[in-house]
Amino acid sequence: MSEWFETLNGIRNRVWDTMAQGVADADHPARYPNFATTSADGWPEVRTVVLRAIDADATLRIFTDLYSHKTASLREVPRAALHVWDADLALQIRMQAEIAILTGDTVSADWETVPDHSRQSYGTQPAPGRPIADSLDYTKVPDRATFAVLRCRIVTIDAVHLGHNHRRACYSRDDEWAGQWLSP
């Protein structure tokens, strides 16, 4: 029997299992992927986000404040890249995604899953990233109207296993995730 990293199907399945573990386990490295966007003036912006859900159709969900800089960037360029490093597996996962910003009634069920103490993150005044006079010159009052969900429709995956022999594979939604080996 082969190891998971020796076949295209094995790597693809491990990528999705890893992402699912990130949703289920708050201590898993896939729980906190790096999330990259492009600012309105063309600069790359990377931040850590919390992975909240993974759907069967290769779509991830991330919660955010509607007035954050990332949502402004995504309104201009509705694409993002995600990056996960799982040291235990020696696996790097890079994903490209098309992003939809969901708000209002469409995110009611998601809002209900947010614990009371975490709701403080949605409704910061002034809005996230705005200048303030002092480091603590802001207030946090939960405001459901500022809660948004980023629906990340994954379109490509680039996975690298850094074992004794490095292996790299790419996958595309366009070819139904069949996979292709790449030189690492």
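# Notebook: contacts and pairings in a predicted model

I began with arginine 119, which forms a salt bridge with glutamate 112, and I noted 3.9 Å between the closest N and O atoms. I kept in mind throughout that the model is predicted. The two partners differ in their surroundings, since arginine 119 is buried with a relative accessible area of 16%, whereas glutamate 112 counts as exposed at 58% relative accessibility.

**Other salt bridges**

I then searched the whole structure and found 7 salt bridges. One of them joins the side chains of glutamate 98 and arginine 153, with 2.8 Å from N to O. Because glutamate 98 belongs to strand S6 and arginine 153 to strand S9, this pair ties together parts that are 55 residues apart in sequence. I looked up the accessibility of each and found glutamate 98 partly exposed, with a relative accessible area of 37%, and arginine 153 also partly exposed, at 35%.

Next I went to aspartate 158, whose salt bridge with arginine 168 has its closest N and O atoms 2.6 Å apart. Here too the pair links distant parts of the chain, with aspartate 158 in strand S9 and arginine 168 in strand S10, 10 residues apart. Aspartate 158 is buried, and its relative accessible area is 10%. I also wrote down a network in which salt bridges with shared partners join Asp55, Arg61 and Asp110.

**Strand S4 and its neighbours**

Which strands pair with S4, and in what sense do they run? I found strand S3 (residues 51-55) joined to S4 by 4 bridges, the two running antiparallel, and strand S9 (residues 147-161) paired with S4 over 7 bridges, again in the antiparallel sense. S3 and S4 form a hairpin with 3 residues between them, and in the turn alanine 58 has a positive phi of about 60 degrees.

I followed threonine 59 in S4 to both sides: aspartate 55 stands opposite threonine 59, and in S9 the bridge partner of threonine 59 is arginine 153, the residue I had already noted in the salt bridge with glutamate 98. Strand S4 (residues 59-65) is mostly covered, with 6 of its 7 residues buried.

**Nonpolar cores**

I looked at the largest nonpolar core, which has 32 residues, and recorded that Phe35, Leu60, Met95, Ile154 and Ile157 touch the most other members. The elements giving two or more residues to this core are helix H1 (8-24), S4, strand S5 (79-86), strand S6 (91-102), S9 and strand S10 (167-172). Another core lies apart from it and has 9 residues, among them Ala100, Val107, Trp111 and Tyr122.

I took methionine 95 as a case to follow and left aside its neighbours within four places in sequence; its contacts include Val15, Trp16 and Met19, as well as Leu60, Ala80, Ile154 and Ile157.

**Aromatic pairs**

My count of aromatic pairs came to 6. In one of them, phenylalanine 63 and phenylalanine 147 meet edge-to-face, at 5.0 Å centre to centre and with 75 degrees between the planes. This pair links distant parts of the chain, as phenylalanine 63 lies in strand S4 and phenylalanine 147 in strand S9, 84 residues apart. Both phenylalanine 63 and phenylalanine 147 are buried.

For tryptophan 111 and tyrosine 122 I noted ring centres 6.1 Å apart and planes at 70 degrees, so this pair is edge-to-face. Tryptophan 111 lies in helix H3 (residues 108-113) and tyrosine 122 in the loop between H3 and strand S7 (124-125), so the pair ties together parts 11 residues apart in sequence. Tryptophan 111 and tyrosine 122 are both buried. I closed this entry with the cluster, since Phe63, Trp111, Tyr122 and Phe147 form one aromatic cluster.

**Cysteines and one loop serine**

How many disulfides does the count give? A disulfide is a covalent bond between the sulfur atoms of two cysteines, and my count came to 0 disulfides. I looked up two cysteines for their accessibility: cysteine 152 is buried at a relative accessible area of 0%, while cysteine 170 is partly exposed at 24%.

Last, I turned to serine 39, placed in the loop between strand S1 (34-38) and strand S2 (44-48). Is serine 39 buried or exposed? At 8% relative accessibility serine 39 counts as buried, because the cut-off for buried is under 20%. Not counting residues up to four places away in sequence, serine 39 touches Glu45 and Ser73.

Terms used: Residues numbered from 1 in each chain as written. Predicted model: local features only at pLDDT ≥ 70, side-chain atom pairs only at ≥ 80, totals over all residues. Heavy atoms only, no water. Disulfide = S-S within 2.5 Å. Buried < 20%, exposed > 50% of the residue type's maximum accessible area, 1.4 Å probe, protein only. Pairing = 2+ DSSP bridges. Contact = heavy atoms within 4.5 Å. Core = buried A, V, L, I, M, F, W, Y, C linked by side-chain atoms within 4.5 Å. Salt bridge = Lys/Arg side-chain N within 4 Å of Asp/Glu carboxyl O. Phe/Tyr/Trp six-rings, centres within 6.5 Å; stacked < 30°, edge-to-face > 60°.
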